[in-house]
Amino acid sequence: MELQFSSAEEILQRLADRRSCRDFAPRSVEKSVLLSILRDGLEAPSSCNQQHWHFVLVTDDRQKARAAELAGGNPHFQDCAALIYLCFQKGWTHDNFSVVQGVAAAAYHMMLSAHLRGLGAIWNAGIGDRSGVRDMLQLPEIFELQGALAIGHARSEDIGRKPPRRPLESVVSFDTFERPEETIYPAVPSKTYRFDAMSKADNPYAVWDPQRWSWAQLADYRAWSVWAKSPLPGVYTSRRQGQGTQKELDLIPDLRPGAKVAELMPWGGTSTVALANRLPADVSLSVVELHRNHFDFIADRCRREGVGRPIDYALMVEGRLPFDDHSIDLLVVPQTLEHMADPQAVLADAARVLKPSGRLVVSARNLTSRYGAEWARVEAKGQVPLQGPFTPLRPRRLLDLVNARFEIEALHGIGRTGSGDADVLTEGSMRFRRRVIALRARPR
């Protein structure tokens, strides 16, 4: 296609309109166009002009299906017209990861080329089983995998909302370093922070305890990452939780017409869809989050998942719920108590906003379960997740928090294994060994 622009500003605006595409139509792209995109990528800068990059173009349907399988089932790996695996030859890093920087520059140049040609693209740092991908590509050990670009025709014009960008003044300073305090996150105290000692799976400086974060830091951290906030129907949901969400919602009491329901800190809204579908049509639903960036993404998810009911959105500032005294009939806290800077204060405020006849439904990940042991042994050794730091709660801690202001009516243990199943125990001490503890309580 011929590209025509009347000014530099028009070009820059067109480039700024680029969005990641995760939903591709099953259509091919001519090989000549793909080669042109690759050729455009070669115009990117590289350290000392060495160009130690290599790009493996995958268009075979069977190989793309294998790539999707290796990536953990991401459908866009299979549905796209082409995957471009980004590689570089090891041994010529010139320090400061300059060879890695060159591959990244080339990858972004290709994405812009695809965008200007009317195609969708997405940059995937996560490619899944790297050993399996290496075998599939027959990649020599001297070459490293850096990621993959998926390129193709968007299934529709509605390819998802472009995530918001941080304000310029929060990421730019003049002459010396200055940055808003809430945008600098807690780290384990250390004289130095070695970049080469940190990885997603192993970060010795990560702080998982949210009570060592401020509310403002939690709000900022959760505000910008998107993962499950870029939803497609049936995609980007919790594999670990499986069907457990529905079992948690079984604790919802009967609600009178006109009742007011609020959900607390659902982040990307995966639980919001399930809750909205379970509530009677004649009750109202409000979603409370720490940052307004969540609201558009939750609304998008609900729309894409077919939720027709209106939903109100409100901010919680410094742990204070945005409701009048005794105005809420049901407050749902879906595995988010363990994400809070001050859960005790929030539950105290929950007692304030709930009507005397109101109910609190809380679920929390259990530190004394198989999942809790896996979290402590493996997960907690890595970087905190995109939805923010959390620490699973011991059952006694959860009960102490709730019993301070509420009387527990029902308590279920959900999930025997570390992930997926939703086996429920409603009686006995073994409830407290399950992956999730869910309860319903009323104000004292």
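Trainee: In what order do the eight strands of the open sheet stand?
Mentor: Start with the terms: helices (H or I, at least four residues) and strands (E, at least two) are DSSP runs, numbered from the N terminus. Two strands pair if DSSP finds at least two bridges between them. Here the pairing is mixed, and the order is S7-S6-S5-S8-S9-S12-S10-S11.

Trainee: What pLDDT do local features need here?
Mentor: Residues are numbered from 1 along each chain as its sequence is written, and side-chain values use heavy atoms, with hydrogens and water left out. This is a predicted model, where totals for chains, interfaces and linings use all residues, side-chain atom pairs count only at pLDDT 80 or more, and local features need pLDDT of at least 70.

Trainee: Which strands are at the edges of that sheet?
Mentor: Look for strands that pair on one side only. Those are strand S7 (311–315) and strand S11 (424–425).

Trainee: Which residue in S8 stands opposite Ala262?
Mentor: Strands of a sheet pair through backbone hydrogen bonds, either parallel or antiparallel. S5 (residues 260–264) and S8 (residues 328–334) run parallel, joined by three bridges. Opposite Ala262 in S8 you'll find Leu331.

Trainee: What angle does helix H12 make with S9?
Mentor: H12 (residues 343–353) packs on the sheet and touches S5, S8, S9 (354–365) and S10 (406–414), where a contact means heavy atoms within 4.5 Å. Axes are lines fitted to C-alpha atoms, for helices over the stretch in contact, and angles run from 0 to 180 degrees between N-to-C directions. For H12 and S9, that gives about 150 degrees.

Trainee: Is the crossover from S6 to S7 right-handed or left-handed?
Mentor: S6 and S7 run parallel, joined by five bridges, and Leu285 has Ile311 in S7 as its bridge partner. Between the two strands the chain passes through helix H11 (residues 293–304). Point the strands away from you: if the path from the first strand over the helix to the second runs clockwise, the crossover counts as right-handed. This β-α-β crossover is right-handed.

Trainee: How many salt bridges are there?
Mentor: Count each side-chain nitrogen of Lys or Arg within 4 Å of a carboxyl oxygen of Asp or Glu. Arg117 and Asp40 make one of these, at 2.9 Å from N to O. By this rule the count is 28.

Trainee: How far apart in sequence are the parts that Arg117 and Asp40 tie together?
Mentor: Arg117 has a relative accessible area of 28% and Asp40 has 25%, so both count as partly exposed (buried is under 20%, exposed over 50%, partly exposed in between, with a 1.4 Å probe and protein chains only). Arg117 lies in the loop between helix H5 (98–116) and strand S3 (120–124), while Asp40 is in helix H2 (residues 31–41), so the parts they tie together are apart by 77 residues.

Trainee: Are Glu289 and Arg222 buried or exposed?
Mentor: Their side chains meet in a salt bridge at 2.5 Å, N to O. Glu289 sits in strand S6 (residues 284–289) and Arg222 in helix H8 (residues 215–224), 67 residues apart. With relative accessible areas of 0% for Glu289 and 2% for Arg222, both are buried.

Trainee: What share of the residues of the chain count as buried?
Mentor: The chain has 14 helices and twelve strands. Its C-alpha atoms fill a box of roughly 70 × 50 × 50 Å along the principal axes. Of the 444 residues, the buried share is 49%.
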